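Please look over the chain shown here. The report below goes through its strands, core, helices and loops, and then the confidence scores.

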Amino acid sequence: MEYTPGEHSIKCPKCGHGMKEVQYGGDVVIDRCTHCEGIWFDAGEAEQLKGKWMGDALDMGDPDEGKKWDAVEDIACPRCGKDMQKRSDPDQPHIWFEECDEHGMFMDAGEFTDYKHETWADWFRSLIKGSR
Ligand SMILES: [Zn+2]
Ligand SMILES: [Zn+2]
């Protein structure tokens, strides 16, 4: 869906379509793209998610669709418009995501479906710790 201010929370940094807020776990709100189904986490949201993450409940996008968008480089933070850093984890080098140091991170659809929950949760915790 084309980005429409008012209807959508932010504009997807990958494909330029609108992202919608999705509530998760009662008190955490993330943004999911209505087109490529990528997920945006605000910095504070990522903090809240650690410990109760369930990747497949949230990351419902099609991995093939996600891979397509994974090829898009040099995306800008939807909050501040600065270039986001492309990062990967040394233990899971096939997984890439984009991060703005100040505002949060963007993940492509289906990027985490090949993780076991435990592994993913551990990785996510280490990521948050590492960014401090
Ligand atoms: Zn998108
Ligand atoms: Zn930013």
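## The β3–β4 hairpin

Arg32 stands opposite Ile39 in β4. Asp31 faces Trp40 of the same strand, β4. This is a predicted model. In it, strand β3 covers residues 28-33 and strand β4 residues 39-42. The two run antiparallel, and 2 bridges join them. Together β3 and β4 make a hairpin, with 5 residues between the strands.

What is the phi of Glu37 in the turn? It is positive, at about 65°. Glu37 has this positive phi although it is not a glycine. The residue sits in the loop between β3 and β4. Is Glu37 buried or exposed? Glu37 counts as buried, because it has 21 C-beta neighbours inside 10 Å and the cut-off for burial is 20 or more.

## β4 and its other partner

β4 also pairs with strand β7, residues 104-107. Here 4 bridges join the strands, again in an antiparallel arrangement. Trp40 has Phe106 as its bridge partner in β7. Trp40 therefore has Asp31 opposite it in one pairing and Phe106 as its partner in the other.

## The nonpolar core

The largest nonpolar core has 17 residues. Which of them touch the most other members? They are Cys36, Ile39, Trp40, Phe41, Met105, Phe106 and Met107. Four elements give two or more residues to this core: β3, β4, β6 (92-100) and β7.

Trp40 and Phe106 thus appear twice in this account: as bridge partners, and in the list of core residues with the most contacts to other members.

## Helix α3 and the loop after it

Helix α3 spans residues 63-70. Its buried residues are Gly66, Trp69 and Asp70. They lie on the same side of α3, because they cover an arc of only 110° around the axis.

Between α3 and β5 (85-89) comes a loop that holds Asp83. Asp83 has 14 C-beta neighbours inside 10 Å, so it counts as partly exposed. Leaving out residues up to four places away in sequence, Asp83 touches Asp74 and Ala76. How far is the C-alpha atom of Asp83 from that of Pro13? The separation is 9.9 Å, although the two residues are 70 apart along the chain.

## The chain overall

The chain contains 4 helices and 7 strands. From the N terminus on, the order is β-β-β-β-α-α-α-β-β-β-α. The chain has 132 residues, of which 30% are buried. Take the contacts between residues at least 6 apart in sequence: 48% of them join residues at least 24 apart.

## Confidence

The average pLDDT of the chain is 76. A score of at least 70 is reached by 65% of the residues. Which element has the lowest mean pLDDT, and which the highest? Helix α2, residues 55-58, is lowest at 50. Strand β1, residues 10-11, is highest at 96.

One stretch deserves a separate entry. Over residues 114-118, pLDDT stays under 50. For this stretch, the model has 4 contacts beyond four places in sequence.

Technical notes: Residues numbered from 1 in each chain as written. Chains lettered and ligands numbered in written order. Predicted model: local features only at pLDDT ≥ 70, side-chain atom pairs only at ≥ 80, totals over all residues. Buried ≥ 20, exposed ≤ 12 C-beta atoms within 10 Å, placed from the backbone. Arc of directions from axis to C-beta. Core = buried A, V, L, I, M, F, W, Y, C linked by C-beta atoms within 7 Å. Contact = placed C-beta atoms within 7 Å. pLDDT = per-residue confidence, 0-100.
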